[in-house]
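Biologist: I'm new to this one, so could you walk me through it, one piece at a time?

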Amino acid sequence: MENSCFNIGRFRRYFVHDFLRCMKKAGLATLLCGLVPIFTLIMSAWIFTSIGLHDWHTDLFMNEAIAAIVSVLYFLMVPIACYGDLTDRRKGAQYLMLPASHIEKWTGMILNSIIILPLVFSALYIGTDALCCALLPKRCHDILISSRANGLALFFLPTMVSAAGLAGALLFKNRKGAKTFITCAVSFIVLCMIIITIAKKADNWLIIGTETEAWYIFQAFCTLCLLAYTYIKTKKIEL
Amino acid sequence: MISIENLGFSYGEKPVLKNITMTLEEGKIYGLLGENGVGKTTLLTLLCGLKNVKTGSIDVDGHVPYKREPSFLSDLYYLSDEVPEVNMKATDYAKNYGKFWEKFDITKFQEIMGIFENDPEQKMNRMSFGQLKKTYISFALACNCKYIFMDEPTNGLDIPSKAQFRKAVTKYTGEDSTLLISTHQVRDLENIIDPIIILDRQDVLLNASIAEISEKLYFDYSNERKDGALYSEMIPGGSIQVYPNTSGEESKVNIEALFNTVHLHKELVKGIFHK
């Protein structure tokens, strides 16, 4: 008798199906976002040469800012593009009625929207950026080589943002992208205000700069809460 | 077998289904009839686990539908009244999704598409609503599931397609399959549905086979007006009158007249069938 919770064969079949579905929905966006360093380079070349500045090079701060904005938008929106349909009566029913267990569907969801697609995007972005810098070393700053962020920061933050995107996809009925973005922005501002208040009261401003471990723990905690929400929501969803 | 006991469901404070108790047996094509808003779709979504019951219980071969266990889902196909457009050819859709239902038969899918004169190579997002519906009906029947629930399947189908639908259901439904078809267009499904369930606001007015109905009610198609008719209506070429069957004589059940009779004499008809 097949295991009703988790069956490897059934999961493999489901996962491949779900991955291909996600690629259909977010494949083009992944490709375009991953190629942003090339677009940035072309735009920079066009702007600088049009104003007569021929000895130009891209600014590291600008590259990092663009990478941060594109990444946050990508991590937040891709889960919505892939799984936003779940709350739709027609498409959601199709998803829920597929013969696979809840844990298989949820695992597939997490793997695709929080791990695989963000990894594909990150690899593409960093690869494209590195390629641009290898081809035009005088014009570019390689953000990976120049990056001040360490490996842990590059793991915890994107995972949390993707988990927030997935939670938004399941929480909101419509205008999921805008509502998720606004909710995250408001939460971020409120969080900053709380941290500043605490730091002021403690009379220790260094807390923000030095306690990075606490920041990672906080991110990990938020991610776990968001994932727990997605687990419960997908299990209890009613259409 | 599906057992529903004291089922209750409400949308917020508004009750939709109340104390529904009935049993659906295997190998039958049930017609679920009722006016708009009586809870036909809600009942179907409860049966397939898309909603959770508020009170009472549903048991489908030992499964609680809302748990949505894979072994339960692989025995069931739910065709909703609104079907999603997919950017995929119908054949590709069938191959892609059919692999999740063990007994899915692609040849059967193509044969049913043939009955509907639907092109399996056409992209589903370029199909008309009727063509799309026919594709999903073909897929539902090709899944060879034990339970197939269809919500208003003939909505959006043209006149020839309704006849094709009856043909496809009659020819391609497995002997042990149970179909539950909800509709308010009773003429579309005449001759294929048996038993008939008539749902009223928060109650089941009737759950009986055609033989039982014929045994307990008499449908008179003569022009002679008699006293004691529960329902009478002029139809082209004569009239139809419904009486309690006191003589035991058999007659052809007219589902539309039955529906109207049941709605006019709810308690009386319930009494006749609960004897």
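Biologist: At what angle do helix α1 (residues 8–34) of chain A and helix α5 (residues 102–135) of chain A pack?

Modeller: Quick ground rules: this is a predicted model, where local features need pLDDT of at least 70, side-chain atom pairs count only at pLDDT 80 or more, and totals for chains, interfaces and linings use all residues. Residues are numbered from 1 along each chain as its sequence is written, chains are lettered from A and ligands numbered from 1 in the order in which they are written, and side-chain values use heavy atoms, with hydrogens and water left out. Helices (H or I, at least four residues) and strands (E, at least two) are DSSP runs numbered from the N terminus, while axes are lines fitted to C-alpha atoms, for helices over the stretch in contact, with angles from 0 to 180 degrees between N-to-C directions. The axes of α1(A) and α5(A) are 9 Å apart, and the helices pack at about 35°.

Biologist: Which strands of chain B stand at the edges of the open sheet with the order β2-β1-β4?

Modeller: Pairing there is antiparallel, and two strands pair if DSSP finds at least two bridges between them. Five bridges join β1 (residues 2–11) of chain B to β4(B). Each edge strand has a single partner, so one side of each is left without a neighbour in the sheet: these are β2 (14–24) and β4 (55–60) of chain B.

Biologist: And which helix of chain B packs on that sheet?

Modeller: Look for a helix touching β1, β2 and β4 of chain B, where contact means heavy atoms within 4.5 Å. Its direction makes about 120° with that of β1(B), and it is α1 (residues 40–47) of chain B.

Biologist: What stands opposite L217(B) in β12(B)?

Modeller: Another open sheet of chain B has the order β10-β12-β11. Four bridges join β10(B) to β12 (residues 238–244) of chain B, and the two run antiparallel. Opposite L217(B) you find P244(B).

Biologist: Which helix gives the largest share of the lining of the second largest pocket?

Modeller: A pocket is an open set of points on a 1 Å grid over the protein atoms alone, where a 1.4 Å probe fits, with protein on both sides within 12 Å along at least five of seven lines; lining residues have an atom within 4 Å of a point. This one is lined by 26 residues, with C184(A) and F188(A) among those nearest its centre. The elements giving two or more residues are α3 (60–83), α7 (151–171), α8 (176–202) and α10 (212–236) of chain A. The largest share, eight residues, comes from α8(A).
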